[in-house]
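Hi there,

Here is the structure I promised to pass on to you. Have a look at it first, and then read my notes underneath.

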Amino acid sequence: MTEILQNLADGLGAGSTYALFAVGVSLIFGVMHLVNFAHGELLTLGAYLAYWMLLREFGWWVVVPAVIGAAVLGSMSIEFVAFRRIRGANPFTLLLTSFALEVLSHAVWKVFVSSKRKPFATPEWAFESFAIGSVRFEWWNIVAFGVAVLSFAVTAFVLRRTMFGLAVRAAAEDFDAARLMGVKANRVISGAFAFAGLLAGIASSLILMRKGGAEPRMGADPLLKAVIAAVIGGLGSLPGAVAGGLALGVTEVFVRDLLPEDLGGLTDGLVFAVIALLFIVRPQGLFNVETAERV
Amino acid sequence: MLEVDRLTTRYGEITALHGADLRVDEGEMVALVGPNGAGKTTLLTTVAGLVRPASGSVRFCSANITGHDPARLLRAGIALVPERRRIFKDLTVGENLRLAGTTVPSSHRRVRIHELCERFPILGERVDVAAGYLSGGEAQQLAVARALMCDPKLLLLDEPCLGLAPAMVDVVFELLVELRDQGRTILVVEQQAHRVIGVADRSYVLRTGRIVAAGGKEFADRSDLFASYVGGAA
């Protein structure tokens, strides 16, 4: 029992960051029917910004808002530069464009900065822990989970209570009908990218406090996990993306715990095998998007 | 009020409208009828700004509005009730109405929703219910109420009776007449040609993207209505 609780406690932090990215992926999919593989590059952008700022001795309390701001602007720029002109193109074209952006981003960081890891200092509390009974809680997991819960509460409020949220939900269901209601296509899509960027910025800040370094390809792994989390939850369903992200984070820890230490490298492979089994049982994901609350 | 002049709309290689001309005067109800695939929906969606025309012009209250986006046209006073209603099923009735008030000042939005819920009591009763749970007739009332949120000068309706039970069809026709009698200008596309021509002030027949006949109420009784549908002399 203690082991189960320990694994749950350890998996919630990573799962929360996957969920934050996954909600952004789902939000963008909802309004554009695009799985944006360039979304993970917001983490890389934030990482190099954090490296640059920490090198100049800015504190994390300045770095975090800067990383979040950069992610919002970066996400809006991706929409404006890459996707606005091809909006309405077939999904394959949109998907290829997002892959192209991801590859381009890796190349830019490699060529103009460095292909090597650029380390920076992490805050001390991110690796501290405390115990309740025989279960040990890392502060980072607690903070990541708390911040994610707060972020999802704000997201739910925005989507349910504001005109922007209504427009996003309506556009996700029927874009042309939303336009007939006076919803401006540019505004709602740009807004969805900005909001997805905000959530990615929050997730990036949490990840960077643990990673303590910037690398050109560092956005690829969390993005892959986020896309898988969004698909597990049922693409287009925000509660599904949250559940998928948390489930993925916790499953990772359980699989790693079950494997012998020298086979730890197989964790991702086994997690993907578990996900493949899930899709055999429930091809539509955990949530049915026809009936679950969509974007 | 509305003048459509030699309007041509294409979808890739396919030309759906071939230089269609049409006029709607203030306060009148004009019907647009024709067989399936004639281009009726294309004409309405082009006027409403969802589709950009290849050539021709659309003028509204003397201003050229050709190719304007729907949000701008809504502000100018043109609202479309689309084919198959296209209400947002995951949103509640109240949220559908709120969203339709995007162009209405926020201070006036709540008042307007209250007015429409009084006009359509079933919507008032189900304001917190997801629109996906409404019956066909209720959904059609919501679709019309949504279009009325911004108090449009010109109301475009695309097959408002499609898929409705006969009793609900009567309700929709009564609503059309009521709206016209209140001074609302209406352009309606409807498959029930004889019935809609009977209540409209004037009617046009569209076939293969061209206006092939036009007339007043007497048009419903003319033997050439059928001929104009299938391609004989108009």
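Below is what I found, starting with one helix and moving on to the interface.

Please keep in mind that this is a predicted model. The helix that caught my eye is α3 of chain B, residues 93-100: seven of its eight residues are buried, so the rest of the structure largely encloses it. Those buried residues are Val93(B), Gly94(B), Glu95(B), Asn96(B), Leu97(B), Leu99(B) and Ala100(B). Both chains help to cover them: the cover includes α5 (139-161) and α6 (163-173) from chain A, along with α4 (106-119), α5 (121-125) and α6 (136-148) from chain B.

One of the buried residues, Glu95(B), also reaches across to the other chain, forming a salt bridge with Arg160(A) in which the closest N and O atoms are 4.0 Å apart. In total, the interface of chain A and chain B has three salt bridges by the rule used, and five residue pairs are in polar contact between the two chains.

On the side of chain A that touches chain B, α5, α6 and α7 (175-180) each supply at least two residues. Helix α6(A) gives the most, with six residues. By type, that side of chain A divides into nine nonpolar, two polar and nine charged residues.

As for the whole interface, 20 residues of chain A and 24 residues of chain B take part in the contact. About 2100 Å² is buried between the chains, with carbon and sulfur atoms giving 60% of that area. In chain A, Met163(A), Leu180(A) and Met181(A) lose the most area to chain B, together 35% of what that side buries.

Best wishes

Note on methods. Residues numbered from 1 in each chain as written. Chains lettered and ligands numbered in written order. Predicted model: local features only at pLDDT ≥ 70, side-chain atom pairs only at ≥ 80, totals over all residues. Heavy atoms only, no water. Buried < 20%, exposed > 50% of the residue type's maximum accessible area, 1.4 Å probe, protein only. Helix = DSSP H or I, 4+ residues; strand = E, 2+ residues; numbered from the N terminus. Contact = heavy atoms within 4.5 Å. Buried area = accessible area lost by both parts, 1.4 Å probe. Salt bridge = Lys/Arg side-chain N within 4 Å of Asp/Glu carboxyl O. Polar contact = N/O pair within 3.5 Å; in protein donor to acceptor, adjacent residues only side chain to side chain. Nonpolar A, V, L, I, M, F, W, Y, C, P; charged D, E, K, R; others polar.
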